[in-house]
Structure formats: structure tokens, C-alpha cells
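Here's a quick tour of a two-chain model, written for someone who'd rather look at the structure than wade through tables. Have a look first, then read on.

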Amino acid sequence: MTDYAIELNGVCKSYRFFELQSIALRLQRGTIMGLIGPNGAGKSTTIRILMGLVHQDRGEVRVLGCRMPDEQVAAKWDIGFASDDMRLYDSLTVGWHINFMKSIYQSWDDGYAQLLLKRFGLNAEQKIKGLSHGQRVKAALLLVFARRPKLLVLDEPTTGLDPVARHEILRELTSVMAEEGRSVLFSSQNTQDVEQISDQITFIDRGRIIDSMDKEVYLDRWRRLRLEVPDGIALPTLPGVIGIQQTGRLAVAIANAFEPHLPNAYENSGARVHAVENMTLEEIFVANVEHSREEVKA
Amino acid sequence: MKTNVMLRLMLKDWRLQRQTIVFTILAGVTALAVLLIGGQTPVVIGTVFFFVSMVFCAALLPMQNIVNERKKQTLSFVMSLPVSSARYGAAKLVSTVGMFLALWLILLGAGLYMVLCRHILPSGAIPTGMILMNFPLIGFCLITCTALVAESEGWGTAAMAVVNSSYWLGWYLLLSHVPSLTKTWGGQVMVWSPAVVKILVVEFAVILLTLGLTLYLQSRKRDFI
């Protein structure tokens, strides 16, 4: 058995106005990966390819050891998939959906489903068309969680939810992860959600993976240095610094591979270091995307 | 042992479309009941509404059962289940055709009962009636094929428009090219002439070809959502 729940190697897919370029991605079993990218970055296309819903033009995709899309049926028995554009049948009740899933999956945990109904404040007798957006998302996730799948693939599940509903879902996701060996790929534009639950972060932009590593490593390596640059002093180009924005005497340097000697190097060049700040995941995401786009232009 | 997901999907479709099926059967049977009144006007009205009920369902069922799956965004839910796009297509085709065939056979049986047992029309009308009964079945197959392969409301509506206007063309071609039909449909004896048999064979061939082509095109799809 492979150590990876998801493996994508050199995956390409071309559309008329969009191209997914040589995607390489690995999700270790038992970890949560947050896939972050702006609108149109390729998150959903990547997820559809790994679910076998879209066939890649080139490259290899393995999910839970199954080659996709050829072995998608075998893989899907153990994958729980939900996306923000997924809807349930309006004219049928939550209970009907529960029974439908129960009739398909032998791994269905009825006790857990009842518990989730209570926790999410859902009524099994209620028709889907009578539910709010938040309740519909919760109902869809209930159907995924109660199957006890080995791999959860969630494509922007918290989009459009109020903070309370988001918190409830993230809390449940964390508790689901308490079970050993379960893996999660979680795509979102909301970096706060991803930061809260992920072990690994992958940034995707314009059809390319621009960075992928452990969350703690990210947060540790990225720093913002606030500098004062006296007249006549030119800031040196230092390794690990990906950009400097200067307005008059004040400058901000962004480091993606921060080393403790960096502030000293700026001090030695004649600048004054006012502060070395940690960056939030959102700030890292924006800086990373901008840097990647500049690199592509150059 | 793993569950038969295709069977579950087909049962789900039957559950979702049962109102349409029951409504069509009731409408068709009611139209036949009008024939019992007797006289030329009730016969014309009953016959027209009998066919209209099937033509209506032939257009509505593929749109509701196939196109709505994508339009109402429930396709992602279905495709998250352990099923491939080819198996999904096969399940959709079998459930949709099965539903229409069920109501078609019930209405055919009801129609035959009315002619053979209640004698509301002469028995000589049965061969022509069989040919006409296949019109909505062929139309249904063409709309279903378009709906499943294109999965677009626009293409589905276009297919509906073409099919619905072709019924009159079919009727016209039948009368102008097979004049022997009009000579025998008023009699008490069913005449299965070579022309009638040939038309029925062609009709069934078109049905089988359309369904086969649908399965083939569906299995070649690369992008499903």
C-alpha cells in the first residue's frame, strides 16, 4: 500500500482559455492538505481530475492507490466528496438522502448520522428545498462524514456560510480527522479556514502549483521586515527575500526563506530594521501569488 | 458484498419521476375514456389527447430525468458515488427508457383493450395505431439521446422542437406514401401488409440505433462535469 492518499504527477489539462500545467501533488495518508488559490486558479479542475470526473490530457493520477480515471469506481467507495456547487434533491427529505446513502455504503454509521443531525440542527423529515444554504451544506457534509470514508475531498465546502456554520463544520472536520489514517484535501479561498485545520498547504495559481509544504514551515519561513532606508543607501539583494516595496525612506521586505542573519545583513548595508513580523497565511498567499506572477512575466 | 449502485440510481430516478409517469397514464386513460362517449367528435378528441399525453411525456421525461440532473446541480452528488460516467449514462438510459416504456406499454394495452374488447374503433385500425404509437417512442428516444449526450437544456429544447414538429411530417408521409393504410383501417380485420411490417421494422431499427448510439457516445466522454 502506498503512503500517499493522493498522487498527481505531471498532470496537464487544456481548455480553450485555461491550462492546467504539469501538476505534481502528494497528500500523505492521515494528513489534511489545504489547497488555496484565487478564482479560476485550477482548484476545482484539479479536484475533478482526481475524482475521475474530468480526464487529464497527460500525467498520472493515483487516489488511494487506484489509477484515475480508469479505477474511479474502486476509489470512490472510500472517497467522500463534497463541493460548493453540489446540490441534493430539492423535492426529497434529508431522511430520504440518508437512507439512499445507507443503501449504498456498508460503512454507513447510522449512530453518527443521527448525532450529526442533532449537532447540525437538521430535521430528517424536512425537504431539501425548505433548508437554508447553510443547512444544505451541512446536510451534504453529513452524508459524506457518516460514510466514514478514508479520504475526504472537499471543494470549497465553507463558501457562503456564516461564521457560526463555518465554525461548526470545521469543528466537525477536525473531529472526523481524529480517526487515524483519514486524509483530507480541502480547497478554499478562505485562508483562515485552511490555516485552522490544515497540516499541509498548497498554493495554486493560473493552472500551476506555485508552492506546497507543511503549514508550520510556511508560517516559520515567511517574514515581513519593516526597514528605514537613509538617503543614499541602496538595499542589497539578499537570498530568501522575494520582494521589497519602498516608499520614501520606509521599505518593507518580504522573505520566503527567512534566516536569523537577514536583519543583520540589512543593518550592515546601512538600513535600520524597525520590526520583523510574522505573516498570516493570507498575506503569505497574496505575496506568493504576486511573486509567482512576476516570475512568469520575467 | 458491494451494493449495485446502478440499481440504486435507477430506483432513485423512478422515485423522482413517479408523479410524471402516473399523471401521463391517467391523462392517456382519461383520453381513451372519452372515446367511450361515442360519436365522431369524442373519438377525434380522445384519440388526439391520447397521443398528446405520450408526446408530452416523451419530451418532459428526458428533460426532467436527465437535463435537470445537471441544471439543478445534483450531478456532482451522483458522481461522488462509486459509479463511472459510462455506468451513470447506462443507468440513466435504462431508467428513462424503462419509465417511458412502462407507461407506453400500459397505454398500448389500454388502447388495445378499448379496440378489441370495447369496440370503440374497428380492429383494422390496429396496424396503423401500432405505427402511430411508435412515433412518440422514437421521438422520446431521439430527445433522450440528445439530452444525455449534450446534457444541455438548449440542445434538449431544440431536439424537442424538431421531434414535435416531425410528428405531423411522419403522419403526412405515412398517408401519402402508404395509401393502402387508409383502405384497411376502417375494416374489422387487421391487415399486416408488407408495407406495415416494413414500417414497423424501420421504426424499431431507428429506436435500437438511437439507443446504441447514445451508449457509445456516452462511453467516449472525457469531461463529465
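## A helix pair in chain B

Let's start in chain B, where H4(B) passes H5(B) in a right-handed crossing. Bear in mind throughout that this is a predicted model. Helix H4 covers residues 85-116 of chain B and helix H5 covers residues 126-150 of chain B. Their axes sit 11 Å apart, and the packing angle is about 165°. Angles over 145 degrees count as roughly antiparallel, so H4(B) is roughly antiparallel to H5(B).

Which residues meet here? On the H4(B) side you'll find B:Gly89, B:Lys92, B:Leu93, B:Thr96, B:Val97, B:Phe100, B:Trp104, B:Leu108, B:Gly111 and B:Val115. Facing them from H5(B) are B:Ile126, B:Gly129, B:Met133, B:Leu137, B:Phe140, B:Thr144 and B:Leu148. Sorted by class, this helix contact has eleven nonpolar, five polar and one charged residues.

## The sheet in chain A

Over in chain A, four strands make an open sheet, ordered E2-E1-E4-E5, with antiparallel pairing. Strand E2 (19-28) and strand E5 (66-68) of chain A each have a single partner strand, so these two stand at the edges and one side of each has no neighbour in the sheet. From one strand to the next, the twist averages 20°.

Zoom in on one edge: strand E4 (residues 58-63) of chain A is joined to E5(A) by three bridges, and the two run antiparallel. One residue to click on is A:Arg62, whose bridge partner in E5(A) is A:Arg67.

There's a helix to go with this sheet. Helix H1 (residues 43-50) of chain A lies across E1, E2, E4 and E5 of chain A. Relative to E1(A), which spans 4-14, H1 of chain A runs at about 115°.

## Domains of chain A

How is chain A split into domains? The domain assignment gives domain 1 (4-214) and domain 2 (223-278). Measure from one C-alpha centre to the other in your viewer: domain 1 of chain A and domain 2 of chain A lie 40 Å apart.

## Where the chains touch

Finally, the contact between the chains: chain A puts in 19 residues and chain B puts in 20 residues. On the chain A side, the elements giving two or more residues are helix H2 (72-76), strand E6 (79-83) and helix H3 (94-104) of chain A. What classes do the residues on that side fall into? The side of chain A that touches chain B has ten nonpolar, four polar and five charged residues.

Definitions and conventions. Residues numbered from 1 in each chain as written. Chains lettered and ligands numbered in written order. Predicted model: local features only at pLDDT ≥ 70, side-chain atom pairs only at ≥ 80, totals over all residues. Contact = placed C-beta atoms within 7 Å. Nonpolar A, V, L, I, M, F, W, Y, C, P; charged D, E, K, R; others polar. Domains from an automatic or database assignment. Pairing = 2+ DSSP bridges. Axes fitted to C-alpha atoms, helices over the stretch in contact; angles between N-to-C directions. Parallel < 35°, antiparallel > 145°, perpendicular 65-115°, else oblique. Left-handed = near helix turned anticlockwise from the far one by under 90°.
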